[in-house]
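User: I'd like to walk through this model with you, feature by feature. Could you show me how to read it as we go?

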Amino acid sequence: MAREEKQVFAETNSNYSNWDSASVYVGGDKVLYNNNVYKAKWWTQGEAPDTSDVWELSQDSPTGNWDNTKVYLGGDKVIYNNKIYKAK
């Protein structure tokens with residue numbers, strides 16, 4: 001009997017840029033930093049997302065890098081090849 005493979009993760013339409021200290025961000029911009037998605041509250045440049053009040057952790061944040069030894073539940077988000085995927 002042939003084994004049927006199911007796609008259990010779907011790529012999200014959220015391709016976030018990695019945070020760059022030289023870039024300017026305005027309120028609403030989202031970046032990927034240390035495996036988390038952060039959202040700028042207002043204009044900023046050079047302020048790291050995990051050390052400044054200008055950034056807030058977004059609900060789009062993944063649970064971490066994809067790991068084939070872990071079990072994921074529907075809705076879990078992971079990073080794989082710099083893209084965020086959501087478990088079905």
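Analyst: Sure, let's start with one pair: Ser-17 stands opposite Val-31 in strand 4. Keep in mind that this is a predicted model.

User: What does that pair belong to, and how do strand 2 and strand 4 run?

Analyst: The general idea first: strands of a sheet pair through backbone hydrogen bonds, either parallel or antiparallel. Here strand 2 and strand 4 run parallel, joined by two bridges.

User: And how do strand 4 and strand 5 run, parallel or antiparallel?

Analyst: Antiparallel, with four bridges between strand 4 and strand 5. You can check the register at two places: Lys-30 stands opposite Lys-39, and Tyr-33 has Asn-36 as its bridge partner.

User: What happens at the turn in that hairpin?

Analyst: Two residues lie between strand 4 and strand 5, and Asn-34 takes a positive phi near 50° there.

User: Let's zoom out. What is the strand order in the open sheet?

Analyst: It's 2-4-5-7, four strands with mixed pairing. Strand 2 (17-18) and strand 7 (55-57) stand at the edges; each has a single partner strand, so one side of each is left without a neighbour in the sheet.

User: How many helices and strands does the protein have overall?

Analyst: Zero helices and nine strands. Read from the N terminus, the elements are β-β-β-β-β-β-β-β-β.

User: Now the inside. What share of the residues is buried?

Analyst: Of the 88 residues, 33% are buried. To find a core, look for buried nonpolar residues whose side chains touch. The largest nonpolar core here has nine residues: Trp-19, Tyr-25, Val-31, Tyr-33, Tyr-38, Ala-40, Ala-48, Val-54 and Trp-55. Strand 4 (30-33) and strand 5 each supply at least two residues of this core.

User: Which residues make up the other core?

Analyst: That second, separate core has five residues, including Tyr-16, Val-37, Ile-79 and Ile-84.

User: Which residues does Val-54 touch?

Analyst: Beyond residues up to four places away in sequence, Val-54 touches Lys-39, Ala-40, Lys-41, Trp-42, Trp-43, Thr-44 and Glu-47.

User: Thr-44 turns up in that list. Is Thr-44 buried or exposed?

Analyst: Thr-44 counts as buried because its relative accessibility is 1%, and the cut-off for buried is under 20%. Thr-44 has its place in strand 6. Setting aside residues up to four places away in sequence, Thr-44 touches Ser-23, Val-24, Tyr-25, Val-54 and Trp-55.

User: And why is Trp-43 classed as exposed?

Analyst: Trp-43 has a relative accessible area of 53%, and exposed means over 50%. Trp-43 is found in the loop between strand 5 (36-40) and strand 6 (44-45). Together with Val-24 and Val-26, Trp-43 makes a nonpolar surface patch of about 300 Å².

User: How much accessible surface does the protein have?

Analyst: About 6300 Å², with 44% of that belonging to carbon and sulfur atoms.

User: One last residue: is Lys-77 buried or exposed?

Analyst: Lys-77 is buried because its relative accessible area is 17%, and under 20% counts as buried. Lys-77 is found in strand 8 (residues 77-80). Leaving aside neighbours within four places in sequence, Lys-77 is in contact with Gln-59, Asp-60, Ser-61, Pro-62, Thr-63, Gly-64, Ile-84, Tyr-85 and Lys-86.

User: And what share of the contacts joins residues 24 or more positions apart?

Analyst: Such pairs account for 30% of the contacts with a separation of 6 or more.

Conventions. Residues are numbered from 1 along each chain as its sequence is written. This is a predicted model: local features need pLDDT of at least 70, side-chain atom pairs count only at pLDDT 80 or more; totals for chains, interfaces and linings use all residues. Side-chain values use heavy atoms; hydrogens and water are left out. Patches are made of residues with over 30% relative accessible area and no salt bridge: like charges are joined within 9 Å, nonpolar side chains (Val, Leu, Ile, Met, Phe, Trp, Tyr) within 5 Å. Accessible areas come from the Shrake-Rupley method with a 1.4 Å probe; for residues, only the protein chains shown count as cover. A salt bridge is a side-chain nitrogen of Lys or Arg within 4 Å of a carboxyl oxygen of Asp or Glu. Buried means under 20% relative accessible area, exposed over 50%, partly exposed in between (1.4 Å probe, protein chains only). A nonpolar core is a set of buried Ala, Val, Leu, Ile, Met, Phe, Trp, Tyr and Cys residues joined through side-chain atoms within 4.5 Å. Contact means heavy atoms within 4.5 Å. Two strands pair if DSSP finds at least two bridges between them.
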